[in-house]
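Here is a short set of questions and answers on strand pairing and residue environment, to be read alongside the sequence and the coordinates.

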Amino acid sequence: MNLSKRLEAITNFVEKDSRVCDIGTDHGYIPAYLIKKSLSKKVIATDVSRGSLDKTIYLIEKEKLNGSIEARLGDGLDVLNPYEVDTLIIAGMGGILITEILEKGKNKLCGIDNFIFQPMVASIELRKYLAENNFKILDEDLVFEEGKYYEIINAKRGEQKIRKDINYEISERLIEKHHPLLKAFVKHKIDKIKSIINEIKYIDTKKSRKKYIESQELLKDYQEVLNLIES
């Protein structure tokens, strides 16, 4: 069974023989892959959408994985009991929504020591939440697929200090491991912020002037990270 590069990168952070819960499983590709590759003993696949969960149930039955994957309909961690799993995957949704799921389901996190997140947007807000709520980012990965960059975050419980604000956006882990995509990722961010600066530099309103100053500061931070990568 083959996965997209994004989904496979997520599974790389699953420890062998883990008991996994995949929140927002959609088609159920990750749970099926984990069982078929003998990476997990048991997977609970959840989704708030009946239609999405039906796709998962269809895949479970098609691949004859009924004894290893349990499909549950529900919102976030509501359908999970404490100590049922040791690994939590929340992927394919916004970083703010991920923080809301974690916050609402705090009492369901007992026994979970491996957290894998893949925010589609708002990775800054997610990293800030993790740092402020006793999560320590151990590792990260970066994938480029179909013209888009995807960030995958692997965290455990523990204290963490973020040294610079820019590292809420550009991970220290990626810098430390000299990730092969990081230079292109930062250049992509530089191009985007330069485009914003060019769009607003002649707009003379209080809001645009504030945005211009903030964008110039952010560009400076991006450039410092790029210089560090290239040095």
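Two strands are taken to pair if DSSP finds at least two bridges between them. The model discussed here is predicted.

Q: How many bridges join strand β1 to β4?
A: Strand β1 covers residues 18-23, and it runs parallel to β4. One position in this pairing is Asp22, which stands opposite Ile89 in β4. Since pairing requires at least two bridges, the criterion is met here, the number of bridges that join β1 to β4 being four.

Q: Which residue in β5 is the bridge partner of Leu88?
A: Strand β5, residues 114-119, pairs with β4 in the parallel sense over six bridges. Within β5, the bridge partner of Leu88 is Phe115.

Q: What is the handedness of the β-α-β crossover from β4 to β5?
A: On leaving β4, the chain passes through helix α4, which comprises residues 95-104, before it reaches β5. The handedness of this β-α-β crossover is right-handed.

Q: Why is strand β4 largely enclosed by the rest of the structure?
A: Strand β4 spans residues 87-93, and a residue is counted as buried under 20% relative accessible area. The strand is largely enclosed because, of its seven residues, the number that are buried is six.

Q: What is the relative accessible area of Lys148?
A: Lys148 has its place in strand β7, residues 148-157, and, leaving aside residues up to four places away in sequence, it touches Met120 and Val143. The C-alpha atoms of Lys148 and Met120 are separated by 9.8 Å, although the two residues are 28 residues apart along the chain. Lys148 is partly exposed, and its relative accessible area is 33%.

Definitions and conventions
Residues numbered from 1 in each chain as written. Predicted model: local features only at pLDDT ≥ 70, side-chain atom pairs only at ≥ 80, totals over all residues. Heavy atoms only, no water. Buried < 20%, exposed > 50% of the residue type's maximum accessible area, 1.4 Å probe, protein only. Helix = DSSP H or I, 4+ residues; strand = E, 2+ residues; numbered from the N terminus. Right-handed = clockwise from strand over helix to strand, strands pointing away. Contact = heavy atoms within 4.5 Å.
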